[in-house]
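Open the model in your viewer, show the backbone as a cartoon, and keep the sequence panel beside it. This tour tells you what to select at each stop and what you will find there.

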Amino acid sequence: MILSLGMLVVVLALLIPILAIVLHSPVGRSLADRSRHVDDEALDDLNRRVIALEEDIDEIGRVVRDLREETHFLQSLLQERGKPPPIPPPNR
């Protein structure tokens with residue numbers, strides 16, 4: 001148990017400088033630059049897609065609002081249909 005714990009400490013102690021050497025090497029810097037690089041064409045495509053989605057969401061909002069108004073109107077018509085006709089006021 002103590003031997004395996006000691007080996008783990010030694011391996012971790014050796015990994016720290018090895019990791020530092022690899023990260024500061026040209027290969028490590030190249031990998032870091034590649035991960036930070038954003039393709040302008042892909043970014044423009046993503047921007048166009050987001051704009052299209054926003055327009056679609058606005059259109060869906062308008063359609064839902066119109067449907068809500070139509071439903072309210074139809075419900076009021078159905079409620080009035082069930083009521084007896086109003087009695088006209090007497091003529092004097």
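Begin by selecting Ser25, which counts as buried because its relative accessibility is 19% and the limit for that class is under 20%. Keep in mind from the start that this is a predicted model. Ser25 sits in the loop between H1 and H2, and if you show its side chain together with the backbone of Val22, you will find a polar atom of that side chain 2.7 Å from the backbone oxygen of Val22.

Now zoom out until the whole chain is in view. The chain has three helices and zero strands, so that, read from the N terminus, its elements follow the order α-α-α. The C-alpha trace spans about 110 × 45 × 20 Å along its principal axes, and the radius of gyration is 36 Å, whereas a compact globule of 92 residues would have one near 12 Å. Buried residues make up 2% of the 92 residues in the chain. The accessible surface comes to about 9,300 Å², and 66% of this belongs to carbon and sulfur atoms.

Next, colour the chain by pLDDT. The average over the chain is 85, and 95% of the residues score at least 70. Confidence is lowest in helix H2, residues 26–36, where the mean is 79, and highest in helix H3, residues 40–82, where the mean is 91. Where pLDDT is low, the predicted coordinates should not be read in detail.

Move to helix H1, which covers residues 2–23, and select Ile18 within it. Is Ile18 buried, partly exposed or exposed? Ile18 is partly exposed, because its relative accessibility of 48% falls between the limits of 20% and 50%. Ile18 also belongs to a nonpolar patch on the surface, whose members include Leu5, Leu8, Val11, Leu15 and Val22, and which has about 900 Å² of accessible area in all. Val22 is thus a residue you have already met, since its backbone oxygen was the partner of the Ser25 side chain.

Go on to helix H3 and look for salt bridges, of which the whole structure has two. For one of them, select Arg48 and Asp45, whose closest N and O atoms are 3.7 Å apart. These two residues are three apart in helix H3, which means that about one helical turn separates them. Arg48 is exposed, at 51% relative accessible area, while Asp45 is partly exposed, at 34%.

For the other pair, select Glu59 and Arg62, where the closest N and O atoms are 2.9 Å apart. Both residues lie in helix H3, and here too the spacing is three residues, about one turn of the helix. Glu59 is partly exposed at 40% relative accessibility, and Arg62 is partly exposed at 39%.

Finish with two distances that you can draw yourself between C-alpha atoms. Select Asn47, a residue of helix H3 that is partly exposed at 45% relative accessible area, and join it to Lys83, which is 36 residues away along the chain and 55 Å away in space. Then select Leu67, also in helix H3 and partly exposed at 46%, and join it to Pro89, which is 22 residues away along the chain, with 37 Å between the two C-alpha atoms.

How values were computed:
Residues are numbered from 1 along each chain as its sequence is written. This is a predicted model: local features need pLDDT of at least 70, side-chain atom pairs count only at pLDDT 80 or more; totals for chains, interfaces and linings use all residues. Side-chain values use heavy atoms; hydrogens and water are left out. Patches are made of residues with over 30% relative accessible area and no salt bridge: like charges are joined within 9 Å, nonpolar side chains (Val, Leu, Ile, Met, Phe, Trp, Tyr) within 5 Å. Accessible areas come from the Shrake-Rupley method with a 1.4 Å probe; for residues, only the protein chains shown count as cover. A salt bridge is a side-chain nitrogen of Lys or Arg within 4 Å of a carboxyl oxygen of Asp or Glu. Helices (H or I, at least four residues) and strands (E, at least two) are DSSP runs, numbered from the N terminus. Buried means under 20% relative accessible area, exposed over 50%, partly exposed in between (1.4 Å probe, protein chains only). pLDDT is the predictor's confidence in each residue, from 0 to 100. A polar contact is a pair of N or O atoms within 3.5 Å; within protein, one must be able to donate a hydrogen and the other to accept it, and residues adjacent in sequence count only if both atoms are side-chain atoms. The radius of gyration is taken over C-alpha atoms; the globule rule is 2.2 Å times the number of residues to the power 0.38.
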